[in-house]
Amino acid sequence: MTMSFLQVRRWLLAAMLASASGAHAAPDRPQFVVTSAETLSSSSLRHLPSDNATDSLGTALKLLELNAAQQHLLTEHVHHQEGRCGGYFAFDSRREAEDFLANGRALQAMLATAGMAYNIDNQGTVEPWLLQVTEANIRATIAHLSSYQNRYYASPHGATAANWIANTWLALGGGRSDVQVELFTECSNCSTQPSVILTVQGAALPDEVIVVGAHLDSIRSGAGSEPEQFAPGADDDASGIAVITEVIRIALANGWRPQRTIKFMGYAAEEMGLRGSRAIAQNFAAIGIDVVGVLQLDMTNYRSGVSHHFHFISDRVNGPLLAFSKTLFDAYLVPRGFVHRDISCGYACSDHASWTENGFPSVMASEPGSPSNSFYPGLHTASDTLAGVGGTADASIPFAYFGLAFIGELAKTSSGTFLDGFEATTLRE
Ligand code: BES
Ligand code: ZN
């Protein structure tokens, strides 16, 4: 059987997901790890017992059993010594690892691609962007979106709010021919609410897609399907849409041309069970769109009385992409005094799970909350207002920094800024 590159990639992503995501791997159970002999021999784990294997292209590999601390060491080694992420794959049983090894050619491709996109070398683009993040812009978007009676998926207000987001994003595109905004309506159970997608076409690698998303709908617990329910949804998740809007503004105001295609998404009907994002992720999987990294931002604006600023969700996300995200945080946010922690939802709590379910690598970030609650307790109530979360968008600033770092380092920068009517040089790798 021959697999196309895309099929190999999809298979690899599925394998990465099954093996490396926190959703499957119990943190303290030993794992059966496959890595290259070269990686192992240069690490401090080289003296552990291991089995030799070779893939069909002749690459020397090692299979060994590692506890959680040893796996952590290997991750650190790959990050710091080899300057990349991924680099090994972990399985719950030896049998699964051996099955994986049997697919030698695909494994070779996997080891090559694991390090492909995940490196940090675009500070020249990202650092100047971070200086431009403006709290007042984020606050204004939250204020506007929470001024609707609701953004409920089956209410006219929910469709009006989606259209406002589409028009706002379109205006930020400034008429550039490589920027498009669409309403995604191929969702059978999203009622009248579209999802909104702004695409910046990649200049060098247009078939590789980065997604940054947040849900645009809101809901009030106990209101049933009442179309006039009062559900301001300032934190959940006007804040995520507002952060994305600021990220789009800055990237495009600077004339950025990404190498890879980037899609910013406002999802419909998340509160009804991830409906909008599931429809998109299923559609992308069906038509073979090669999504190489997804960031979900859900609830970014509540921080009170805690020393950290940022949560990475640890379940239903992709292990290597999460590891890379932490490296990004270390590179761009730690020097600015920001601190992150891990937290698990324990269930499919937001749209990142739709991408994970469909075999795409995703991560999810959310606010730190307060000492007694890891997120704003007013979610899904009439108190989810801007005033309720403190009246400023200060807490969202690190999420805008992270969003900018994520797109700058995953989509990279093509040579030349975009000038309409003038075709800037296109880089091919
Ligand atoms: N924003 C919440 C999820 C969330 C809660 C993220 C706390 C971070 C911290 C999301 O909109 C939501 O309400 N999700 C539902 C599940 C969904 C599948 C309907 C939930 O958590 O109950
Ligand atoms: Zn939410």
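Let's start at the metal: the zinc ion (ligand 2) is held by His215 through NE2, by Asp236 through OD, and by Asp298, which is listed twice through OD, at 1.8 to 2.5 Å. Donors here are N, O and S atoms within 2.8 Å of the metal (3.2 Å for Na, K and Ca), and water is not among the atoms, so sites may look incomplete. This is a predicted model, in which local features need pLDDT of at least 70 and side-chain atom pairs count only at pLDDT 80 or more, while totals for chains, interfaces and linings use all residues. Residues are numbered from 1 along each chain as its sequence is written, chains are lettered from A and ligands numbered from 1 in the order in which they are written, and side-chain values use heavy atoms, with hydrogens and water left out.

What spacing do the donor residues of the zinc ion (ligand 2) show in sequence? The pattern is H-x20-D-x61-D. His215 belongs to strand 7 (residues 205-215) and Asp236 to helix 9 (residues 234-253), so this pair ties together parts that are 21 residues apart in sequence. Helices (H or I, at least four residues) and strands (E, at least two) are DSSP runs, numbered from the N terminus. His215 counts as buried because its relative accessibility is 0%, and Asp236 is buried too, with a relative accessible area of 4%. The cut-offs are under 20% relative accessible area for buried, over 50% for exposed, and partly exposed in between (1.4 Å probe, protein chains only).

Why is the arrangement around the zinc ion (ligand 2) irregular? The 6 donor atoms subtend angles of 53 to 169°, which makes it so. For reference, four donors count as tetrahedral if all angles lie between 85 and 135 degrees; four count as square planar and six as octahedral if opposite donors are over 155 degrees apart and all others between 65 and 115; anything else is irregular.

Asp236 has another feature to look at: a cis peptide bond joins it to Asp237, with omega at about 0°. Asp237 also lies in helix 9. In general, most peptide bonds are trans, and most residues other than glycine have a negative phi. Ala269 has a positive phi, near 50°. You will find Ala269 in the loop between strand 8 and helix 10 (275-287), and with a relative accessible area of 0% it is buried. Arg316 is not a glycine either, yet its phi is positive at about 60°. Arg316 sits in the loop between strand 10 (310-313) and helix 11 (319-332), and is partly exposed at a relative accessible area of 30%.

Arg316 brings us to the salt bridges (a side-chain nitrogen of Lys or Arg within 4 Å of a carboxyl oxygen of Asp or Glu). By this rule the count comes to 12. In one of them, the side chains of Asp315 and Arg316 meet at 3.9 Å, N to O; Asp315 is buried, with a relative accessible area of 8%.

Another salt bridge joins Glu208 and Arg260 at 2.6 Å, N to O. This pair links distant parts of the chain, with Glu208 in strand 7 and Arg260 in strand 8 (residues 260-267), 52 residues apart. Glu208 counts as buried at 15% relative accessibility, and Arg260 is buried with a relative accessible area of 3%.

Asp51 and Arg94 also form a salt bridge, their closest N and O atoms being 2.8 Å apart. Asp51 lies in strand 2 (residues 51-54) and Arg94 in helix 4 (residues 94-102), so the pair ties together parts that are 43 residues apart in sequence. Asp51 is partly exposed at 38%, as is Arg94 at 32%. Asp121, Glu409 and Lys412, in turn, are linked in a network of salt bridges.

Finally, back to helix 9 and its neighbours. The axes of helix 9 and helix 13 (residues 397-411) come within 9 Å and cross at roughly 50°. Axes are lines fitted to C-alpha atoms, for helices over the stretch in contact, and angles run from 0 to 180 degrees between N-to-C directions. The axes of helix 7 (residues 135-145) and helix 9 come within 8 Å and cross at roughly 135°. Also in helix 9 is Thr245, which counts as buried at 9% relative accessibility. Thr245 and Phe264 are 19 residues apart in sequence and 8.9 Å apart in space, C-alpha to C-alpha.
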